[in-house]
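Thanks for coming, everyone. Let me put the structure up, and then we will walk through it piece by piece.

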Amino acid sequence: MIDFEKSSVFRLSPCDPRDIAPSVAPIIIAGEEIVLCFKGARDFVVFTNKRLIAVNVQGITGKKRDFTSLPYSKIQAFSIETAGTFDLDAELDLWFSGLGKVRLEFKGRADIRQIGHMIASYVL
């Protein structure tokens, strides 16, 4: 499982879902659709209409990958922090039942309000 305490793993920028879809296709279930995708240096995060999938790319070749599935149904609370004048990164904190807090950091181009709205529509 991904160590969510290392927030630097998740400095994410928006990316095209078509670039990520082949990597997560084997674990997508019937009726599940990719909504948003964000990529870090090697790792990436996929928001679907059912869950958050965090992918940790491992090893020198990057062929080994750890897929962590975090269903929206297990979210107990969430918080968004918008980017500021000097701090251009935005943050999403999610508290999952049985797991604890997961923090995702997004670079300035990410629309954190849209992400918060999407999470709210699935959780509330």
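Buried residues make up 40% of the 124 residues in this chain. Keep in mind that this is a predicted model. The exposed surface comes to about 7000 Å². Carbon and sulfur atoms supply 52% of that area.

Now the layout. We have two helices and eight strands. Going along the sequence, the order is β-α-β-β-β-β-β-β-β-α. What share of contacts reaches far along the chain? Take contacts between residues at least 6 apart in sequence: 40% of them join residues at least 24 apart.

Next, the cores. The largest nonpolar core has 21 residues. Which of them touch the most other members? Those are Phe47, Leu104, Phe106 and Ile115. Several elements each supply at least two residues of this core: strand 2 (34-39), strand 3 (44-48), strand 7, strand 8 and helix 2 (112-123). Apart from this core lies another one, of eight residues. Ile20, Phe44, Val46 and Val55 are among its members.

Let's look at the rings. The whole structure holds three aromatic pairs. I will show two of them, both with phenylalanine 38. In one, phenylalanine 38 meets phenylalanine 47 edge-to-face. The centres are 6.0 Å apart, and the planes stand at 90°. In the other, phenylalanine 38 meets phenylalanine 106, again edge-to-face. Here the centres are 4.9 Å apart, with 75° between the planes. That second pair links distant parts of the chain. Phenylalanine 38 sits in strand 2, phenylalanine 106 in strand 8, and 68 residues separate them in sequence. Are these rings buried or exposed? Phenylalanine 38 and phenylalanine 47 are buried. Phenylalanine 106 is buried too. Put together, Phe38, Phe47 and Phe106 form one aromatic cluster. Phe47 and Phe106 are also among the residues of the largest core that touch the most other members.

On to helix 2. Does its length agree or disagree with what we expect? The helix has twelve residues, and at 1.5 Å a residue they should span 16 Å. The end C-alpha atoms are 16 Å apart, so the two agree. Which residues of this helix are buried? They are Ile112, Ile115, Gly116, Met118, Ile119 and Ala120. And what covers them? The cover includes strand 2, strand 3, strand 6 (75-81), strand 7 and strand 8.

Zoom in on one residue of that helix, isoleucine 112. Its relative accessible area is 4%. The cut-off for buried is under 20%, so isoleucine 112 counts as buried. What does it touch? Leaving out residues up to four places away in sequence, isoleucine 112 touches Ile80, Glu81, Thr82, Ala90, Glu91, Leu92 and Phe106. Look at threonine 82 in particular. Threonine 82 is 30 residues from isoleucine 112 along the chain, yet their C-alpha atoms are separated by 6.4 Å.

Last topic: charges. How many salt bridges does a search of the whole structure find? It finds four. I will take three of them, starting with aspartate 16 and arginine 18. Their closest N and O atoms are 2.6 Å apart. Aspartate 16 is partly exposed, at 26% relative accessibility. Arginine 18 is exposed, at 67%.

The other two share arginine 103. Glutamate 91 and arginine 103 meet at 3.5 Å, N to O. Glutamate 91 belongs to strand 7 (residues 90-96), and arginine 103 to strand 8 (residues 100-106). They are twelve residues apart, and the pair links distant parts of the chain. Aspartate 93 and arginine 103 meet at 2.7 Å, N to O. Aspartate 93 lies in strand 7 and arginine 103 in strand 8, so this pair ties together parts that are ten residues apart in sequence. Which three residues end up in one network? Glu91, Asp93 and Arg103 do, through salt bridges that share partners.

How covered are these three? Glutamate 91 is buried, at 13% relative accessibility. Aspartate 93 is buried as well, at 8%. Arginine 103 is partly exposed, at 25%. And glutamate 91 has come up before: it is one of the residues that isoleucine 112 touches.

That is the tour. Over to you for questions.

Key
Residues numbered from 1 in each chain as written. Predicted model: local features only at pLDDT ≥ 70, side-chain atom pairs only at ≥ 80, totals over all residues. Heavy atoms only, no water. Helix = DSSP H or I, 4+ residues; strand = E, 2+ residues; numbered from the N terminus. Buried < 20%, exposed > 50% of the residue type's maximum accessible area, 1.4 Å probe, protein only. Contact = heavy atoms within 4.5 Å. Areas by Shrake-Rupley, 256 points an atom, 1.4 Å probe, with all protein chains shown as cover. Salt bridge = Lys/Arg side-chain N within 4 Å of Asp/Glu carboxyl O. Core = buried A, V, L, I, M, F, W, Y, C linked by side-chain atoms within 4.5 Å. Phe/Tyr/Trp six-rings, centres within 6.5 Å; stacked < 30°, edge-to-face > 60°. Expected span 1.5 Å × (residues − 1).
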